[in-house]
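Please look over the model below with this briefing at hand. The topics are strand pairing, one helix and its surroundings, and aromatic rings.

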Amino acid sequence: MEWLNRMTKAIQYIEQHIDGELTSEDVAKAACSSTFHFQRMFYMLTNVTLAEYIRKRRLTLAAQELAMTDARVIDIAFKFGYDTPESFAKAFRKAHGITPTAARQPGVTLKAFPRLSFHFSLRGDQDMDYRIEQKEAFSVLGKKLHVTCADDENLKAIPAFWNEMNSSGMSDYLCKLSPKSKMYGICLHMDMETQYYDYMIAVDTPAASLEETKKFEIEEIPAATWAIFTAIGPVPDAVQKTWQRIFQEWLPATGYEHTGGPEMEVYPPHDDPFDPSHRCEIWIPVTNK
């Protein structure tokens with residue numbers, strides 16, 4: 001209920017400042033949340049980024065003003081945060097399929113992106129077990145893929161990346177370099193404004209400096225407090241469903257917040273990802289505010 005109230009306050013803040021200066025930091029502050037955690041939660045709950053939501057709401061209200069008032073196009077453009085009439089016209093055409101001037105024609109069809117409201121439901125049909133662990137910093141070695149959340153491209157690109165790494169033998173090669181390590185799928189450098197991040201398939205960095213490691217990249221995973229969940233079932237469906245439950249059920253129901261650090265999937269090496277009993281872990285860096 002607390003998170004529901006915080007999201008509602010954030011939406012109210014957006015609507016009150018929709019025709020003025022509006023930053024993600026200010027919206028997150030209205031929700032008593034860190035900027036990264038709020039943006040990540042907002043996206044996982046709505047499947048639209050905070051910036052995209054604000055843009056769509058502004059273009060919806062701009063269309064209403066064009067249709068119902070005699071205000072100049074340039075004034076409406078400036079009111080809703082566009083620096084030039086040209087940038088406003090480009091965004092307006094993308095959203096509504098017509099120019100701002102054409103929006104004033106009688107009978108024209110316009111698109112509306114409604115104000116969001118949040119209603120969380122309690123789900124008691126399935127337990128969600130987790131544990132909290134503190135871990136020191138460690139380094140990983142592997143390959144990266146630069147990917148976007150836009151249009152759910154990451155849900156297709158990341159499984160394809162795993163298939164490529166497995167079919168090419170690169171996953172097995174990494175396991176040989178670090179035979180005692182588990183396999184990691186790591187979300188790094190997440191930018192919720194642009195929707196881009198790096199996804200890395202990796203193992204623990206070998207203790208010895210090996211010539212073979214030069215073809216890979218190394219990343220430092222900072223010390224963190226981790227909330228750790230188990231996903232049971234074939235990949236990628238079980239993993240994706242567990243991610244959804246973490247953000248849609250567990251985080252809103254607890255006092256934990258995402259710290260903005262890397263997120264990880266942790267897989268047993270040489271396992272069968274399509275086995276119905278397949279088990280892997282999802283690690284989220286958290287703080288209990």
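In this predicted model, Tyr184 of strand S3 has Ala202 in strand S4 as its bridge partner. The two strands, S3 and S4, run antiparallel and share six bridges. S3 also pairs with strand S8. Helix H8 and the aromatic pairs follow after the strands.

**Strand S3 and its partners**

- S3 and S4 make a hairpin, with four residues between the two strands.
- Gln195 sits in the turn of this hairpin and has a positive phi of about 75°.
- Strand S8 covers residues 263-267 and pairs with S3 in the antiparallel sense, over five bridges.
- Met183 of S3 has Tyr267 of S8 as its bridge partner.
- How many of the nine residues of S3 are buried? Seven of the nine are, and the strand is mostly covered.

**Helix H8**

- H8 spans residues 170-177.
- Its buried residues are Ser171, Leu174, Cys175 and Leu177.
- Viewed down the axis of H8, these buried residues fall within an arc of 160°, so they line one face of the helix.
- What covers the buried residues of H8? The cover includes strands S2 (138-148), S3 (183-191) and S4 (196-204), together with helix H7 (153-167).
- S3 and S4, the strands of the hairpin, are thus both part of the cover over H8.

**Aromatic pairs**

- The whole structure holds 14 aromatic pairs.
- In one of them, the ring centres of Phe38 and Phe42 are 5.8 Å apart and the planes meet at 40°, so the pair is tilted.
- Tilted here means an angle that is neither under 30 degrees nor over 60.
- Phe38 and Phe42 both belong to helix H3 (residues 35-46), four residues apart, which is about one turn of the helix.
- Are Phe38 and Phe42 buried or exposed? Both are buried.
- Phe88 and Phe92 have ring centres 5.7 Å apart and planes at 50°, so this pair is tilted too.
- Phe88 and Phe92 lie in helix H6 (residues 85-96); they are about one helical turn apart because four residues separate their positions.
- Phe88 is buried, and Phe92 is buried as well.
- An α-helix has 3.6 residues a turn, so residues three or four places apart point the same way.
- Which residues do ring pairs link into a cluster? Phe38, Phe42, Tyr53 and Phe113 are linked in this way.

Methods. Residues are numbered from 1 along each chain as its sequence is written. This is a predicted model: local features need pLDDT of at least 70, side-chain atom pairs count only at pLDDT 80 or more; totals for chains, interfaces and linings use all residues. Side-chain values use heavy atoms; hydrogens and water are left out. Buried means under 20% relative accessible area, exposed over 50%, partly exposed in between (1.4 Å probe, protein chains only). The arc is that of the directions from the helix axis to the C-beta atoms. Contact means heavy atoms within 4.5 Å. Rings of Phe, Tyr and Trp (its six-membered ring) pair if their centres lie within 6.5 Å; planes under 30 degrees apart count as stacked, over 60 as edge-to-face and the rest as tilted. Two strands pair if DSSP finds at least two bridges between them.
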